[in-house]
Amino acid sequence: MRIKQFMIGIALVGSLTAAAQQRPYYTQYIMNNYIINPAVAGIENYWDVKASHRLQWVGLQDAPVTTYLTIHGPLKKSDYDDRGSATSFRASGQNPRGEAYWRDYTAPDPHHGVGFTMLNDKTGPLNRFAMYGTYSYHLSLSPTTSLAAGASVGFTNMSLDASKLNFGGTTVDPAVAGSGVINRIKPDISAGLWLYSRNYFVGVAAQQIIPQQIAFSDNTVYLQNGKLLPHLFVSAGYRMQLSDDISLLPSMLLRYISPLPLGFDLNTKVQYQDLLWAGASYRYQDGFAAMVGLNLNRNINIGYSYDVQTSNLNTVSRGTHEILIGFLLGNKYGDWCPRNLW
């Protein structure tokens, strides 16, 4: 019994402290930067709803499965930028998001934003369910540049399903398997800054700010010295107008979780008018991804990505699938795509 307890502790401590994935990966975060940085809340003149489902490392037993729902928008639309022009009018042969549109871009008026996140991330016997509320404030620094600051506060419920513990062929003690699901609830805080203009954005965010010990125990199964570690993110992107119809949007994301090495993503997105886009992503020492998306109308957009691993996981994994569906609620100007998050 004591040996089995020790094995459980070692395995789970490793998953909580040594693995790089205490927080889930997202391939299409470039379509929903709010999932990384709470300062983005309320950046547009409508309520932005996103739902995502990610099947990671398909073919590998008990691989991560991540699902989330986010919603954010301006606290009061009367306080929000009321100078923009509609892009829903689609004159024949003209791009409503062409060069003329961006020449006339103006930063939104100072305003408040709020948001909500619900997330579930499951890997083997471990499951993480989290809910957060967000507040942000957007301040105009110049006619075309704004700075936003935001914070998310909520809770994380870490649960261990003892019936799914795997001892590598060793018979599981019935007392361990009968422990059921053990839950541990912890407070969670994230904060961020987001500098944005018509041609670029730069963001800094910290998730899981408060380092915390986590332990599972019911007198049969126990885990000691597990830690929830802070995650730091730095993101940046630039918009280049290749023609009146086509724009190129390169971006990058740095992530740091002590004591792990620095990780980064490189992304490129090509957009045709405000109708459809395609992109590619490279994640350092992990793999590549292809992405495609379509704005169906002024209220609905969809995106899909497929990741291929370049690590040893590619021998057992058939890749990673991620689908993202977005809804634009209260879209006052009928925008077919975001004005400040491109």
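# Exercises on buried charges, strands and cores

Both R128 and D188 are buried, where buried means under 20% relative accessible area, exposed over 50% and partly exposed in between (1.4 Å probe, protein chains only). The model is predicted, so local features need pLDDT of at least 70 and side-chain atom pairs count only at pLDDT 80 or more, while totals for chains, interfaces and linings use all residues. Residues are numbered from 1 along each chain as its sequence is written, and side-chain values use heavy atoms, with hydrogens and water left out.

**Exercise 1.** Determine how the side chains of R128 and D188 meet, and which strands they connect.

*Solution.* Step 1: apply the criterion for a salt bridge, namely a side-chain nitrogen of Lys or Arg within 4 Å of a carboxyl oxygen of Asp or Glu. Step 2: the N to O distance for R128 and D188 is 3.8 Å, and the pair forms a salt bridge. Step 3: R128 belongs to strand β4 (residues 126-142) and D188 to strand β6 (residues 181-197), so the bridge ties together parts that are 60 residues apart in sequence. Here strands (E, at least two residues) and helices (H or I, at least four) are DSSP runs numbered from the N terminus.

**Exercise 2.** Characterise the salt bridge between R283 and D265, including the burial of each partner.

*Solution.* Step 1: the closest N and O atoms of R283 and D265 are 3.0 Å apart. Step 2: because R283 lies in strand β14 (residues 276-283) and D265 in strand β13 (residues 263-272), the pair ties together parts that are 18 residues apart in sequence. Step 3: R283 counts as buried at 6% relative accessibility, and D265 counts as buried at 0%. Step 4: turning to shared partners, salt bridges join R23, R128 and D188 into one network. The count of salt bridges by this rule is seven.

**Exercise 3.** Place D48 in its strand pairing and identify its salt-bridge partner.

*Solution.* Step 1: two strands pair if DSSP finds at least two bridges between them. Step 2: strand β1 (residues 47-55) runs antiparallel to strand β17 (residues 320-329), with nine bridges, and L55 stands opposite H321 in β17. Step 3: β1 also pairs with strand β2 (residues 65-74) in the antiparallel sense, over eight bridges. In that pairing D48 stands opposite H72 in β2. Step 4: D48 forms a salt bridge with K50, at 2.8 Å between the closest N and O atoms; both residues are buried.

**Exercise 4.** Compare the backbone and burial of Q208 and Q285, then locate the cis peptide bond before P259.

*Solution.* Step 1: Q208, in the loop between β7 (200-207) and β8 (212-214), has a positive phi near 55°. Step 2: Q285, in the loop between β14 and β15 (287-295), has a positive phi near 60°. Step 3: Q208 is buried, with a relative accessible area of 4%, whereas Q285 counts as exposed at 58%. Step 4: the S258 to P259 peptide bond is cis, with omega near 10°, and P259 sits in the loop between β12 (246-256) and β13.

**Exercise 5.** Describe the largest nonpolar core and the contacts of V40.

*Solution.* Step 1: a nonpolar core is a set of buried Ala, Val, Leu, Ile, Met, Phe, Trp, Tyr and Cys residues joined through side-chain atoms within 4.5 Å. Step 2: the largest has 15 residues, and V40, I43, W194 and Y196 have the most contacts inside it. Both α2 (99-103) and β6 supply at least two residues each to this core. Step 3: beyond neighbours within four places in sequence, V40 has contacts (heavy atoms within 4.5 Å) with residues including H72, H138, W194 and L341. Step 4: another core, apart from the largest, has 13 residues, among them I35, I36, L119 and L253.
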